[in-house]
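The exercises below are meant to be worked with the sequence and the 3D structure in view. Try each task before reading its solution.

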Amino acid sequence: MKNIGSYPVWLQRVIHESTPHKRRVVEHELFALMREAKLPLPAMRRFLIGVWPTIEQFPRFMAMNLKKMGYGDSVGEDMARRYLIQNIRVEQKHSEHWATWAGAAGLTLDDLRAGDDVEEFEALAHWCWYVCDKASLAVAMAATNYAVEGATGEWSCVVCSKDTYAKSLPDDIRVPAMRWLKVHAEYDDTHPWEALDIVATLLGHAPSSADVAAVRRAVQSSYRYMEISLDSAMMAATRGGFDETASNASTLGAFDALDAA
């Protein structure tokens, strides 16, 4: 399933053509700084708050796709049905893990819900909602369960490739605070491939040119909206110095100093 050469040629081409778009997400400066525990605290908090709507609503996006099919409609739809039913509950746990991670940066659930000044981030959640509401099952799953989750798994691996960020967190909260990242760096390694397999099964080896174009646009649009979100988070870095990082000292011991400044 993880061998791209085993997929239909048209889908291989879509993935190849979309790789530069995904790379701009996975190799974004924000994740490199996060890995080194050098991401400025304002950028870290803006990132955690801004991505929250997509994290919190992801089970809903999957439920929207679930409504598009009934049992026995086709082999591909039965695959999608099993996949979505099994993973909606998993995505709910991911929301809980994200809220815990945000807590390590001094954010409450109310902070996440308020979502102040994060319009660029909302575009990603709006896009996921739109594509799951309006597009076909194959296109919607390609955009969300393959593109968004796949790139997320890869950037999580980037952050977790060193233990620098984890060690910047206090011992007593390190494990729960890192759970979202750890789960995605490990679990989501296969999740997007399963979604890609479903897309291939739904559309087969010779889909129409319109279907191929729709999948390509959806995948690349997801990457683009993710990139916009990350660029927006990095804008917050200009509001604080790079020695004001999302590590133990800044998140848990420097709030009074920050407020005074």
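**Exercise 1. How many helices and how many strands does the secondary structure of the protein chain come to?**

Solution. The model is a predicted one, and its protein chain comes to 13 helices and zero strands. Reading along the sequence therefore gives one helix symbol after another, in the pattern α-α-α-α-α-α-α-α-α-α-α-α-α. Of the 261 residues in the protein chain, 51% count as buried. Among the contacts with a separation of 6 or more, 84% are made by residues 24 or more positions apart.

**Exercise 2. Find where in the protein chain the confidence is lowest and where it is highest**.

Solution. Begin with the whole protein chain, which averages a pLDDT of 88, with 88% of the residues scoring at least 70. Then turn to the extremes: helix α1 (residues 9-26) has the highest confidence, at a mean of 97, whereas helix α13 (residues 255-260) has the lowest, at 36. Next, look at residues 240-244, where the pLDDT is below 50 and where the stretch has 12 contacts in the model beyond near neighbours in sequence. Residues 246-261 also have a pLDDT below 50, and this stretch has 30 such contacts beyond near neighbours in sequence. Where pLDDT is low, the predicted coordinates should not be read in detail.

**Exercise 3. Classify the ring pair of tryptophan 98 and tryptophan 101, and then the pair of tryptophan 98 and tryptophan 180**.

Solution. The structure holds 14 aromatic pairs. For tryptophan 98 and tryptophan 101, the ring centres are 5.0 Å apart and the planes stand at 75 degrees, so this pair is edge-to-face, given that planes over 60 degrees apart count as such. Both residues lie in helix α4 (residues 75-104), where they are three residues apart, about one turn of the helix. Tryptophan 98 counts as buried because its relative accessibility is 0%, and tryptophan 101 likewise counts as buried at 0%.

For tryptophan 98 and tryptophan 180, the centres are 4.8 Å apart and the planes are at 85 degrees, so this pair is edge-to-face too. Tryptophan 98 belongs to helix α4 and tryptophan 180 to helix α9 (residues 171-186), so the pair ties together parts that are 82 residues apart in sequence. Tryptophan 180, at 1% relative accessibility, also counts as buried. As a last step, place these rings in their wider setting: ring pairs link Phe31, Phe47, Trp98, Trp101, Trp155 and Trp180 into a cluster.

**Exercise 4. Which residues have the most contacts inside the largest nonpolar core?**

Solution. This core has 80 residues, and those with the most contacts inside it are Met34, Phe47, Trp98, Trp101 and Trp155. Its largest share, 14 residues, comes from helix α7 (residues 137-160). Taking methionine 34 as an example, and leaving aside residues up to four places away in sequence, the residues touched by methionine 34 are Leu39, Met44, Phe47, Trp101, Val159 and Tyr165.

**Exercise 5. How many disulfides does the structure hold?**

Solution. The count is zero. Cysteine 157 is in no disulfide, since the nearest cysteine sulfur, that of cysteine 160, is 7.1 Å away, whereas a disulfide needs sulfur atoms within 2.5 Å. Cysteine 160 is likewise in no disulfide. With a relative accessible area of 35%, cysteine 157 is partly exposed, while cysteine 160, with 19%, is buried, because the cut-off for buried is under 20%.

Notes:
Residues numbered from 1 in each chain as written. Predicted model: local features only at pLDDT ≥ 70, side-chain atom pairs only at ≥ 80, totals over all residues. Heavy atoms only, no water. pLDDT = per-residue confidence, 0-100. Helix = DSSP H or I, 4+ residues; strand = E, 2+ residues; numbered from the N terminus. Contact = heavy atoms within 4.5 Å. Phe/Tyr/Trp six-rings, centres within 6.5 Å; stacked < 30°, edge-to-face > 60°. Buried < 20%, exposed > 50% of the residue type's maximum accessible area, 1.4 Å probe, protein only. Core = buried A, V, L, I, M, F, W, Y, C linked by side-chain atoms within 4.5 Å.
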